[in-house]
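Me: I have a sequence and its model open at the bench, and I would like to go through the side-chain contacts and the strand pairing step by step. Please reason through each point before you give me the name or value I ask for.

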Amino acid sequence: MKKIFFAAVALLFSANAMALDNEPEVGITTTAFLGMNISNINNTALDAKVGGKAGVRFDYVLPNAHGTYVSSGLAWSMKGAKKDRPYAIPGTSTTMDATYKTNLHYLEIPIHVGFRYNMDKQFGFYGEFGPYFAIGFAGRQSVNIDADGYSQVEKDFRYNSFKNSSTLTSYQRWDAGMGFLVGAEYNQHYNLTLGFDWGITDMFRDKYRDANLPGYEPRNFAFTLAFGYRF
């Protein structure tokens, strides 16, 4: 039993020594990344949809902090949701399969604190969390009808998701929430990241909610998978 105990202690000190030997260098690094979001709008009956995400991150490893770092950057993030439901042809009892989509494009700035652990000179892991802030710069509500001859209906339905309206579904441009991500890195350059964003901002414009859905407070949610390269 004593041999097992001393062996475990020796292994622990050895692992700590290796971690210290391979601590990340103090300073700023830049990572470009490209990936996808699987997003939804919470507190609604909508379903998840896939969108893109891309941007650049700046990480600053703090001195004498053993891998602790702060991170920020700028990203394009496509969020939103969709719903399959019938389209009723006006004046008839006929319905057609249709998909209603909410596409929301944001510029996001995260402000995170994280920790990086290098197993050796080839493999490392990291995790971070903190708030994010975003502004919507483009958005579209649309419908796709599963039948020919309805292009005009589809065209008439398309409109700006951020338009301030009391009759059309209308979202505010500003968004904020909390983000969390974990990642693995190879050769101190190539990385794979998994992340979650939970919005805390009520997305509806007051004019639309008060006129149509009082009491509802939809919020953004997204799961992210991204590949990156650290310079």
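Me: Between which atoms do the side chains of D206 and R209 meet, and at what distance?

Reply: This is a predicted model, and the distance is computed from its atoms. Both residues lie in helix 3, three residues apart, which is about one turn of the helix. D206 is partly exposed at 47% relative accessible area, whereas R209 is buried at 11%. The two side chains meet in a salt bridge, N to O, at 2.5 Å.

Me: Which residue forms a salt bridge with D197?

Reply: D197 lies in strand 7, and its partner lies in strand 3, 118 residues apart along the chain. D197 counts as buried because its relative accessibility is 8%, under the 20% cut-off. The partner is buried as well, with a relative accessible area of 0%. The side chain that meets D197 in a salt bridge, at 3.8 Å from N to O, is that of K79.

Me: Over the ring of which residue does the charged end of K79 sit?

Reply: Besides its salt bridge with D197, K79 has a contact with an aromatic ring, its charged end lying 6.0 Å from the ring centre. A second contact of this kind has R116 over the face of Y69, at 5.1 Å from the ring centre. For K79, the ring belongs to Y106.

Me: How far apart are the closest N and O atoms of E108 and K53?

Reply: E108 is in strand 4 and K53 is in strand 2, so that this pair links distant parts of the chain, 55 residues apart. Both E108 and K53 are buried. They form a salt bridge, and the separation of their closest N and O atoms is 3.5 Å.

Me: Why does the pair of F196 and W198 count as stacked, and what is the angle between the ring planes?

Reply: A search of the whole structure finds 13 aromatic pairs. In the pair of F196 and W198 the ring centres are 5.6 Å apart, and the pair is stacked because its planes meet at an angle under 30 degrees. F196 is partly exposed at 30% relative accessible area, and W198 is partly exposed at 41%. The angle between their planes is 20°.

Me: Which residues form one aromatic cluster with F196 and W198?

Reply: F196 and W198 belong to the uncovered face of strand 7, together with Y190, L192 and L194. The covered face of that strand holds N191, T193, G195, D197 and G199. In a regular strand the side chains alternate between the two faces of the sheet. The residues that complete the aromatic cluster are F221 and F223.

Me: What is the bridge partner of G195 in strand 8?

Reply: Strand 7 runs antiparallel to strand 6, with 10 bridges between them, and Y186 has Y190 as its bridge partner there. Strand 7 also runs antiparallel to strand 8, to which nine bridges join it. The bridge partner of G195 in strand 8 is T224.

Me: How many residues lie between strand 4 and strand 5 in their hairpin?

Reply: Strand 4 and strand 5 run antiparallel and are joined by 19 bridges. N118 stands opposite G124 in strand 5. The number of residues between the two strands of this hairpin is four.

Me: Which elements give two or more residues to the nonpolar surface patch?

Reply: The patch covers about 850 Å² and is made by L74, W76, L107, I109, I111, F133, I135, F137 and W174. One of these residues, I109, is found in strand 4 and is partly exposed, with a relative accessible area of 39%. The elements giving two or more residues are strand 3, strand 4 and strand 5.

Me: What is the phi value of N43?

Reply: N43 is found in the loop between strand 1 and strand 2, and at 48% relative accessibility it counts as partly exposed. H66, in the loop between strand 2 and strand 3, has a positive phi of about 55° although it is not a glycine. N43 likewise has a positive phi in a residue other than glycine, and its value is near 65°.

Note on methods. Residues numbered from 1 in each chain as written. Predicted model: local features only at pLDDT ≥ 70, side-chain atom pairs only at ≥ 80, totals over all residues. Heavy atoms only, no water. Phe/Tyr/Trp six-rings, centres within 6.5 Å; stacked < 30°, edge-to-face > 60°. Buried < 20%, exposed > 50% of the residue type's maximum accessible area, 1.4 Å probe, protein only. Lys NZ or Arg CZ within 6 Å of the ring centre and 35° of its normal. Patch = residues over 30% accessible without salt bridge, like charges linked within 9 Å, V, L, I, M, F, W, Y side chains within 5 Å. Areas by Shrake-Rupley, 256 points an atom, 1.4 Å probe, with all protein chains shown as cover. Salt bridge = Lys/Arg side-chain N within 4 Å of Asp/Glu carboxyl O. Pairing = 2+ DSSP bridges.
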